[in-house]
Amino acid sequence: MTDLTALTIAEARDQLKAKTISAAELTGAYIEAIENANEALNAYIVTTPEKALAMAKASDARLASGNAGALEGIPLGIKDLFGTEGIHTQAASHILDGFKPNYESTVTANLWADGAVMLGKLNMDEFAMGSSNETSYYGAVKNPWRARGSNADLVPGGSSGGSAAAVAARLCAGATATDTGGSIRQPAAFTGTVGIKPTYGRCSRWGIVAFASSLDQAGPIARDVRDAAILLKSMASVDVKDTTSVDVAVPDYEAAIGKPLAGLKIGIPKEYRVDGMPEEIERLWQQGIEWLKDAGASIVDISLPHTKYALPAYYIVAPAEASSNLARYDGVRYGLRVPGKDIVEMYEKTRATGFGEEVKRRIMIGTYVLSAGYYDAYYLQAQKVRTLIKKDFEDVFHAGVDAILTPATPSAAFGIADQDMAADPVKMYLNDIFTVTVNMAGLPGIAVPAGLDARGLPLGLQLIGRPFDEETLFQTAYVIEQAAGKFNAAKWW
Amino acid sequence: MSVDISTVKRVAHLARIAVSEDDATRMTGKLNAILGFVEQLNEVNVDGVEPMTSVTPMAMKKRSDIVNDGGKAADIVANAPIHEENFFVVPKVVE
């Protein structure tokens, strides 16, 4: 029998419907793959094989009775940031020790309602703060990719590093992820997978552990563009429980795949040509332009003049929101408590023990920029710059641009425990230089694999779209995928 | 702008994070690296620019003023480190 974990979601869906495979068989194949690989890759924090098999059995019953949902029997991995009823939900942090919510996040509830099967909870940077998955309380995730002829372990990117690694190593058919500054798109680019951050307001944030509420969005990481479209259709919804959920019907994203690009105008922003960018990324970008041109799109040079200010503005806005959101971890209502001589000492010791270094750093920056005397100079200035960043995009869309093509990351995956990045937090932050603008402006962005570098590591391109125009992103990304082909990591684990 | 070690300790206390002398020293350098990086925002002319309040233009949603949830005290305290009879238990705060 062929390896069932090799099937894409679209292929598995067809075979399940045709009854050539069962959901129980498919789920069993993934459970076995996880057992064999997870010790080496550390992608899953918790696995739920019994729940998965029970869900698969229920899927088989619905498939038999003709009541199958859009994702019936498809085994998925869930980022640890999503609240899952009765199951480990800790945002990969020590401070949420033992937390098992009595509720289900809207996004995961949507997936289960469509028949998907849960394999377990995926590793991530603590509270989604990081670009390498090294800030997790549960340890680093290893990238399934290695440079040609090398045994050195590489990071899968972050914060959705467990999601990206699990998809790339075929430890799930697809995964949920979240993106506050690039946490879906950067790990997707580092692992040769497809990741889309939809428009702010497209997926409900209800039941997802909050990091920076005005930037956080859920989205899928998948093996190809079609699978990402299938997953987003189920994840997205209009939700009364999230007041920032927007009342726009969810379209059939898959229907956009295969549509010709004739008439589409693709913008190429000159500000994304940054100093020190490897020549191979520049070449890949040029190649992407050629592919879209060949497919009938017209290419125009554009300018987004405030691009360079997006990352510094982000490092004020995101920590400010995080310092407020993370104030709830006080040792009283859930998770870890470290006793103290009075309540303030109890708070301080609990938070000192429970939060990792990077999370503490961001809470401290956020507290500082919101404190008396600094609010106007930092926070208000950053929110004004954010208005300008968004206006840059509005201007080019107004001028007729349908989507924008950029590199996804300024480099391929780097090594675990990189000394330069450990010494200077800003070096790590620069990973998000091409992705963070999209969060600041609330726009949709997709990362799609476009080639390998000289060492054989995957590189991705990013497409940025108009608000709620994810369809154009799927349509265009599919053309890149068709031209570039798909990339799979050689199994070493 | 940059922070010194006494500011770091003050901010840590505001954030309710206990820091040792060593922690504070180590944090000072890294926080200053970040503050140095964000300094460039001062170059931007923001005259007459409104600060962003909502990234997606939309009217604030309002829900009906009706009770639609509740009666689940046991669920709410279920994850508390210490609870008694549906109350969170904390160290004494009032003498």
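## A tour from the chain interface inward

Begin by colouring chains A and B separately, and look at where they meet: 52 residues of chain A are in contact with 39 residues of chain B. On the side of chain A that touches chain B, the elements giving two or more residues are H9, helix H10 (343-354), helix H11 (357-370), helix H12 (375-398) and helix H14 (425-429) of chain A. Of these, select H12(A) before the others, since H12(A) gives the most to this side, with ten residues. If you then colour the side of chain A that touches chain B by residue type, you will find 27 nonpolar, twelve polar and 13 charged residues.

Keep in mind that this is a predicted model, with scores of ipTM 0.96 and pTM 0.97. Chain B averages a pLDDT of 93, and 100% of its residues score at least 70.

Next, select H11(A), residues 357-370. Its 14 residues should span 20 Å at 1.5 Å a residue, and the end C-alpha atoms are indeed 20 Å apart, so the two values agree. Is this helix enclosed or open? Eleven of the 14 residues of H11(A) are buried, so the helix is largely enclosed by the rest of the structure. Among the buried residues are A:Lys360, A:Arg361 and A:Arg362, as well as A:Ile363, A:Met364 and A:Ile365. To see what covers the buried residues of H11(A), show H9, H12 and H14 of chain A, and add helix H1 (5-14) and helix H2 (21-38) of chain B, which are included in that cover.

From here, move to the largest nonpolar core, which has 172 residues, and pick out those with the most contacts inside it: A:Leu76, A:Val117, A:Ala166, A:Ala313, A:Ile316 and A:Ala477. Helix H9 (residues 310-325) of chain A gives the most to this core, with ten residues. Centre the view on A:Ile316, which, leaving aside its neighbours within four places in sequence, is in contact with A:Val369, A:Tyr378, A:Tyr379, A:Ala382 and, from the other chain, B:Val38.

For the next stop, go to helix H1 (residues 9-17) of chain A and select A:Arg13. This arginine counts as buried because 21 other C-beta atoms lie within 10 Å, where the cut-off is 20 or more. Adding A:Lys142, 129 residues apart from A:Arg13 along the chain, shows a separation of 29 Å between their C-alpha atoms.

Finally, select residues 25-473 of chain A, the stretch that an unreviewed UniProt entry annotates as "domain: Amidase". The span is 38% helix and 14% strand, and its end C-alpha atoms lie 34 Å apart.

Conventions. Residues are numbered from 1 along each chain as its sequence is written. Chains are lettered from A and ligands numbered from 1 in the order in which they are written. This is a predicted model: local features need pLDDT of at least 70, side-chain atom pairs count only at pLDDT 80 or more; totals for chains, interfaces and linings use all residues. UniProt positions are given in the numbering used here, feature names are shortened, and annotations may be inferred rather than shown by experiment. Helices (H or I, at least four residues) and strands (E, at least two) are DSSP runs, numbered from the N terminus. pLDDT is the predictor's confidence in each residue, from 0 to 100. A residue is buried if 20 or more other C-beta atoms lie within 10 Å of its own, exposed if 12 or fewer, and partly exposed in between; C-beta atoms are placed from the backbone. A nonpolar core is a set of buried Ala, Val, Leu, Ile, Met, Phe, Trp, Tyr and Cys residues joined through C-beta atoms within 7 Å. Two residues are in contact if their C-beta atoms, placed from the backbone, lie within 7 Å. Ala, Val, Leu, Ile, Met, Phe, Trp, Tyr, Cys and Pro count as nonpolar, Asp, Glu, Lys and Arg as charged, and the others, Gly among them, as polar. The expected span of a helix is 1.5 Å times one less than its number of residues.
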